[in-house]
Amino acid sequence: MKLYFIFAGMLLAALGSAQADTYRWVDQSGKVHYGDEPPATEGVQVDKKKFGDVSAADNADLPYETRLAQQNFPVTFYALSSCTDPCQQGRDFLNKRGIPFTDKSLVTKEDVDNFKKQSGSDTSPTLGIGKNYLQGFQAEQWDSELDIAGYPKTAHYHPPAPPAAPPNKPATKN
């Protein structure tokens, strides 16, 4: 019984340390270091590393195949604020196929300029799959690229519906 408690304690300690922050830095001689605390040396650029940016709680309801594809090739849908029918068709397509995606609205000129610099595209909608960008809504092309990225061909995931608007309360007389 005592051995059981020792093993459980070691397991809990290991799990706790797995969540610790990890830092990476390069010293003056060019040697790369990793540690759970940043260096005390001033003037050294330190990168805080995050492992598993998407939390398990965020995608716990996703099938394994979808989680793996999302981790390796996250999908982002980019749309200008003036985009109507093609953008709605694109969103409907992704939702119907069950693709978890981030919806980025390009509202300001700065948004559009940054997006164009990043993707080389000024077309709306544009679909980002990992580091690849697909300009304009073309269902066959989107299907093919999502297949290559490892997303399931059929929907096993349906995004949660947006929250319902609260019912209107009748006006009361005072």
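**Strand E4 and the cavity beside it**

Of the 174 residues in the protein, buried residues make up 25%. The model described here is a predicted one. Six helices and seven strands are present, and from the N terminus on they follow the order α-β-β-β-α-α-β-α-β-α-β-β-α. A good place to start exploring this arrangement is strand E4, which spans residues 75–80 and is mostly covered, with five of its six residues buried.

Strand E4 has two pairings to look at. With strand E5 (residues 101–106), E4 pairs in the parallel sense, over six bridges. Within this pairing, Phe 77 has Asp 103 of E5 as its bridge partner. To get from E4 to E5, the chain passes through helix H4 (residues 85–97), and the resulting β-α-β crossover is right-handed. With strand E6 (residues 126–129), E4 runs antiparallel, and four bridges join these two strands. Here Thr 76 of the chain stands opposite Gly 128 in E6. As a reminder for anyone tracing side chains on screen, those of a regular strand alternate between the two faces of the sheet.

Strand E4 also takes part in lining a cavity. The structure holds one cavity of 30 Å³ or more, and the volume of the largest cavity is about 40 Å³. Which residues line the largest cavity? The lining consists of Tyr 78, Ala 79, Leu 80, Leu 106, Val 112, Phe 115, Asp 122, Thr 123, Ser 124 and Thr 126. Sorted by class, six of the lining residues are nonpolar, three are polar and one is charged. E4 and helix H5 (109–119) each supply at least two residues of this lining, and E4 gives the most, with three residues.

One of the lining residues, Ser 124, deserves a closer look. Ser 124 is found in the loop between H5 and E6. Is Ser 124 buried or exposed? Its relative accessibility is 18%, and because buried means under 20%, Ser 124 counts as buried. A polar atom of the Ser 124 side chain lies 2.8 Å from the backbone nitrogen of Leu 80. Leu 80 and Ser 124 are both among the residues that line the largest cavity, and with E4 covering residues 75–80, this contact links the loop between H5 and E6 to strand E4 through the backbone of Leu 80.

Key: Residues numbered from 1 in each chain as written. Predicted model: local features only at pLDDT ≥ 70, side-chain atom pairs only at ≥ 80, totals over all residues. Heavy atoms only, no water. Buried < 20%, exposed > 50% of the residue type's maximum accessible area, 1.4 Å probe, protein only. Pairing = 2+ DSSP bridges. Right-handed = clockwise from strand over helix to strand, strands pointing away. 1 Å grid on protein atoms, 1.4 Å probe; cavity = no way out; pocket = protein on both sides within 12 Å on 5 of 7 lines; lining within 4 Å. Points joined across faces, edges and corners; volume = space filled by probe spheres on them. Nonpolar A, V, L, I, M, F, W, Y, C, P; charged D, E, K, R; others polar. Polar contact = N/O pair within 3.5 Å; in protein donor to acceptor, adjacent residues only side chain to side chain.
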